[in-house]
Amino acid sequence: MAPEPPLLSMSGITKSFPGVRALDGVDLDVQAGEVHCLLGQNGAGKSTLIKVLAGAHQPDDGTIRWRGEAVTLRSPIAAMRLGIATIYQELDLVEHLSVAENVHLGHEPTAAGFVVRRKSAKASTAQLLKRLGHPEIDPARLVGELSAAQQQIVSMARALSHDVRLIVMDEPSAALDPDEVDNLFRIVGDLTADGVAVVYISHRLEEIRRIGDRVTVLKDGRAVAGGLPAKSTPTREVVALMTGRNVEYVFPDRPAAPAQGEPLLEVRQLARDGEFEAFDLSVRPGEIVGLAGLVGSGRSEILETIYGARKPSSGQVLVDGRPLKPGSVRAAVRAGLGLAPEERKAQALLMLESVTRNVSVSSMSRFSRGGWIDRGAELGAARAATRELSLRPDNPSVPVRTLSGGNQQKAVLARWLLRGCRVLLLDEPTRGVDVGARAELYAVVRRLADEGLAVLLVSSEVPEVLGLADRVLVLREGRVVHTAPARELDEHRVLDLVMEGSPAS
Amino acid sequence: MTQPVSPPRGSTDKVPPVGQLPAWRGLMARADVRTLSLLGVLAALVVIGGITKPDEFLDTRNLQLVLTQASVIGVVTVGMTFVITSGGIDLSVGAIVALASVWATTVATQEYGFGGILFTSVLVGLGCGLVNGLLIAYGGMVPFIATLAMLASARGLALQITDGKTQIVTVDGILDLGERDAYILGIPPLVLVFAVVTIIGWLILNRTTFGRRTVAVGGNAEAARLAGIDVRRQRLYLYLLSGLCCGIAAFLLIILSGSGQNTNGNLYELDAIAAAIIGGTLLSGGRGTIVGSVLGVLIFTTITNIFALNNLQSDVQQIAKGAIIVAAVLVQRRTASTT
């Protein structure tokens, strides 16, 4: 037993949601006065973990110790009473209330038990804002009138208005300008000097090097590394942990001869202001082209713009040499495009419906006459499409929400297969898919390409792009920085390209 | 129970395979629990009515009356069910019924006779639905606000047309339809219209691409859009459909009352929403049931009838309605969390 137990010690935290295990036995130790960084890709389990810590989610299993004592965080209020405050990425402020009212929301200083002492609330708020280096924010102003950076300061003031021992900050720098980030780091420094612990979540490795003490890396709901030294662990090692080299992926063989023929999908000087710069791209039938890049590099935006879900600022998308009407999903679908979006549940699936109806939704005219659906034909077509992809269970009448992540993805692919789509856009196709099911999904994608589809694949997992794609475009901050056949690239080269600009490893 | 008993040879062949239940149990499994419980409530109400007022409640004329009263609001509810299933709401149905009923009964319209009245009712309903649909689908307005504005304007216009006076219908063909002579096999024509609208509504929702698109838009509009469905056009059609149902209901009301009044259809929006919700249609969209909605309408109309027969005031009726809505939603939440 160490003489001084850690401030916070979470061990074996497990949390499942229907169809997905978000946390699978995660450990996290936080010492008083340290900045503990939490790293991981989207979907790695970071937000679930901090919601457990904030008392917003109840873990299925595992223990939480606070100053050495086992505790149960039944509600956000329970966590707050212990001294745990969370500053979420989407700030949870009430826009139509003043700064002071927001800071003291739920624990207003009162006279006679219910009359809010507005003066005292304002005074203490002003003091907190001064401590945070923003005395210019007027406690009487409405929060909705403030800038994003100022709102964040208010959120922090709210955390500090409690007797706080640990602050969780979820991507606090995402909305900030560089000089505001400096101020944020100064605040973090002041807090830790007072013995407050900070759990800091960010995608930006250079920030973690500047202010972090230790790093815990999450991947697929597990802590793949805990308590690494933040300043001395090589970047490459951290990224490798995030992108997950601990699993050996099995990729299908590429065809012997490179794909021939005219490009099926062509992108010419496509650009969207503030998201990605003009680039060219072409995909032939039978070819898989991959886009590699970190979160925020513009990958998903590119796919959605090609698909017509976002309107481009300039440029063209051509299918079979014919330009598509920009910003029209229907035109894209009619021309033979199909998208398997990043957020399957929010963007692709009808969660209340059966697999059949999810598969048939894009090709209802195929088995209907005059709007009248031939349900037998529909079921038969859905069964054929899902069988071709070996979707389990082999019963398309079951509700789609009962399927595993991998099989839900297959249902989305079956939708486009049934539609007879010729260009498949895959956005993070294996997110939320079990490791075992991935190889099968890769094989399916390759087989679809072999059958003549053009596939454009986006993934933040570099090995996935390198292993599955024939050609790779590397993206950094909305710019295509490199294009090469996948055979000529290796993971280190790609990581160097996507990470360029952050402190060298 | 000490030793496992091995079955005699060949007996396993006789065990029916899982999934092949006797016909009636298969039927029970198909009809969902909610529909059955609604039928149970309705049956219980009939029993209560039969016990408290045996002679009056079970009288054929009374049952015909109950069904006739259910017909007007029932047609409106079928349209409302579509709108709610798509994740929308239509607060203007009562006002549209009022406007359509007075527009169709002005002296000028009545000159065109039966056809003029029918045509005008339907056209006014469609026109209001078109405005709702355009505002919501292409104007980006929230359904609640757009249809609230329609409620206010349509009521106002109806008052302007009538100047608050009741417009008596003098066209013979119309009034005859409400007479007993017009009953077909003892069923009032109004009830037949309601039945036809219900059947067509059920078929559209459950058997056509239009119904599928409605459910998809309500279940996940973004997914529907990315799947290639024209979500805006679908929304426009849905409010048109609701307007059409209001127009038909207005025509039924003209037959029933022999007049057009600007106070017609008062609070129909609340009755229709309540009937759809207790029927099992999700207010958040993505799931809708025509059968449930119709049962909801029948339950409410039967309660009103029983209370009236027992000389209970309408305030008591309203309280009972409120309690039923709360109970139905609580039951729904129960079943939703267990499935």
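**Exercises on a two-chain model**

In chain B, B:Ile204, B:Leu205, B:Asn206 and B:Arg207 of α11(B) meet B:Phe210, B:Gly211 and B:Thr214 of α12(B). Contact requires C-beta atoms, placed from the backbone, within 7 Å. Helices (H or I, at least four residues) and strands (E, at least two) are DSSP runs, numbered from the N terminus.

This is a predicted model: local features need pLDDT of at least 70, side-chain atom pairs count only at pLDDT 80 or more, and totals for chains, interfaces and linings use all residues. Residues are numbered from 1 along each chain as its sequence is written, and chains are lettered from A and ligands numbered from 1 in the order in which they are written.

**Exercise 1. Describe how α11(B) packs on α12(B).**

Step 1. Locate the helices: α11 covers residues 189-207 of chain B and α12 covers residues 209-219 of chain B.
Step 2. Take the geometry. The angle is about 70° and the axes lie 5 Å apart. Axes are lines fitted to C-alpha atoms, for helices over the stretch in contact; angles run from 0 to 180 degrees between N-to-C directions.
Step 3. Classify. Angles under 35 degrees are roughly parallel, over 145 roughly antiparallel, 65 to 115 roughly perpendicular, the rest oblique. So α11(B) is roughly perpendicular to α12(B).
Step 4. Sort the contact by class: three nonpolar, three polar and one charged residues. Nonpolar means Ala, Val, Leu, Ile, Met, Phe, Trp, Tyr, Cys and Pro; charged means Asp, Glu, Lys and Arg; the others, Gly among them, are polar.

**Exercise 2. Characterise the fold of chain A.**

Step 1. Count elements: chain A has 17 helices and 24 strands.
Step 2. Test compactness. The radius of gyration, taken over C-alpha atoms, is compared with 2.2 Å times the number of residues to the power 0.38. Chain A gives 25 Å, close to the 23 Å of this globule rule for 505 residues, so it is as compact as a globular protein of that length.
Step 3. Add the extent: the C-alpha trace of chain A spans about 75 × 55 × 50 Å along its principal axes.

**Exercise 3. Describe the side of chain A that touches chain B.**

Step 1. Count residues: chain A gives 23 to the contact and chain B gives 17.
Step 2. Find the elements. α10 (329-334), α11 (344-347) and β20 (372-373) of chain A each supply at least two residues. The largest share, three residues, comes from α10(A).
Step 3. Sort this side of chain A by class: 15 nonpolar, four polar and four charged residues.

Conventions
Two residues are in contact if their C-beta atoms, placed from the backbone, lie within 7 Å.
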